[in-house]
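Dear colleague,

Please find below the structure I am handing over to you, with its sequence. My findings follow directly beneath it.

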Amino acid sequence: MTADDRTAEGRTAVITGASSGIGAATARQLAAAGYRVVLTARRKDRIEALAAELPHAEAYALDVTDRAAVDAFAASLDRYPSIDVLVNNAGGALGAEPVATGDPADWRAMYEVNVLGVLHMTQALLPALTASGDGTVVVVSSTAGHGTYEGGGGYVAAKHGSHVIAETLRLELCGEPVRVLEVAPGMVKTDEFATTRFRGDSTKAAKVYEGVAEPLSADDVADTITWAVTRPPHVNIDLLVVRPRAQASNSKVHRAR
């Protein structure tokens with residue numbers, strides 16, 4: 001059976017950061033499209049609860065910044081007939097201080113998960129993705145990876161890193177049976193992203209979306225990822241930037257008064 005003969009049914013997708021937000025929504029939508037889904041995140045209870053809701057789903061507690069743990073996870077996947085899709089979704093932002101006063105520990109933590117986490121997972125699963133005959137690597141970056149804004153230095157630097165991984169990998173894999181897709185969301189309102197960024201300060205988190213009638217939802221982004229993944233094997237969505245209509249750039253947002 002060739003790659004072109006296969007449908008989503010019987011294929012396996014690995015999603016990182018699947019305990020909430022875009023990752024959880026993507027797991028649900030890929031499962032609905034017929035994929036077996038392997039959910040990874042640090043919060044075991046959350047991904048186990050999600051896996052229990054979905055057909056042909058498995059939860060695996062994993063910290064993508066821990067290379068030894070990532071390698072052990074990759075080795076455990078040999079029980080699947082193939083690994084066909086990797087969605088590198090785990091990531092996040094910490095703080096909104098200017099460069100002059102940013103905490104290097106926050107910058108390091110963002111680099112670890114947004115850049116090295118993508119590197120670890122991609123390196124560990126690339127042999128299996130290639131062996132599938134029709135592999136797909138998805139990097140969920142951000143519009144922050146394509147433009148700067150004040151107070152975003154550490155996150156912008158990290159997401160530029162994840163963007164560059166996708167761009168470089170696509171060049172290096174040209175001719176191999178693996179697509180490299182990048183989806184770069186703009187303003188997405190989820191339960192945790194802004195709250196985590198502002199260290200639990202719900203007032204500051206709410207101000208991010210204040211006056212914006214319809215920021216993107218996790219489901220909006222998951223729908224975009226699922227559409228890109230389910231294109232015919234010869235179709236590569238190199239880069240898809242998705243923003244709400246109210247957002248023209250990282251720093252230009254219409255807010256109702």
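Leaving aside neighbours within four places in sequence, P244 is in contact with M187, E214, P215 and L216. This proline lies in the segment after strand 7 (239-242). Please note that the model is predicted. With a relative accessibility of 5%, P244 counts as buried, since the limit for that class is under 20%. As for its surroundings, the C-alpha atoms of P244 and D220 are separated by 9.5 Å, and these two residues are 24 apart along the chain.

A second buried position is R179, which is found in strand 6 (residues 178-185). Its relative accessibility is 6%, and R179 therefore counts as buried. Once neighbours within four places in sequence are set aside, the contacts of R179 are G135, T136, V137, A228, V229, R231, P232, P233, V235 and N236. Of these, G135, T136 and V137 carry numbers that fall in strand 5 (135-140). H234 is 55 residues from R179 in sequence, and the C-alpha atoms of the two are 8.4 Å apart in space.

Helix 3 (residues 67-76) has four residues to report as buried, namely V70, F73, A74 and S76. Seen down the helix axis, they fall within an arc of 160°, so they line one face of helix 3. What do the buried residues of helix 3 pack against? Their partners are strand 1 (12-15), strand 2 (36-41), strand 3 (57-61) and helix 4 (104-131).

Two residues deserve a remark on backbone geometry. Most residues other than glycine have a negative phi. H56, although not a glycine, has a positive phi of about 55°. H56 sits in the loop between helix 2 (44-53) and strand 3. At 63% relative accessibility, H56 counts as exposed, because the limit for that class is over 50%. R199 is likewise not a glycine and has a positive phi of about 55°. The place of R199 is the loop that runs between helix 6 (193-197) and helix 7 (202-208).

A further loop position is G133, located between helix 4 and strand 5 (135-140). Is G133 buried, exposed or partly exposed? Its relative accessibility is 35%, so G133 counts as partly exposed. I83 is 50 residues away from G133 along the chain, and the two C-alpha atoms are separated by 9.8 Å.

I turn now to the chain as a whole. Its secondary structure comprises eight helices and seven strands. For 257 residues, a compact globule would have a radius of gyration near 18 Å, and the chain agrees with this at 18 Å. Along the principal axes, the C-alpha trace spans about 55 × 40 × 35 Å. Buried residues account for 49% of the 257 residues. Among contacts between residues at least 6 apart in sequence, 69% join residues at least 24 apart.

Regarding the surface, the chain exposes about 12,200 Å², of which carbon and sulfur atoms supply 53%. There are 25 positive and 31 negative side chains, and the centres of the two sets lie 6 Å apart.

With kind regards

Methods:
Residues numbered from 1 in each chain as written. Predicted model: local features only at pLDDT ≥ 70, side-chain atom pairs only at ≥ 80, totals over all residues. Heavy atoms only, no water. Helix = DSSP H or I, 4+ residues; strand = E, 2+ residues; numbered from the N terminus. Rg over C-alpha atoms; globule rule 2.2 N^0.38 Å. Buried < 20%, exposed > 50% of the residue type's maximum accessible area, 1.4 Å probe, protein only. Contact = heavy atoms within 4.5 Å. Areas by Shrake-Rupley, 256 points an atom, 1.4 Å probe, with all protein chains shown as cover. Lys, Arg positive; Asp, Glu negative; His and termini not counted. Charge placed at Lys NZ, Arg CZ, Asp CG, Glu CD. Arc of directions from axis to C-beta.
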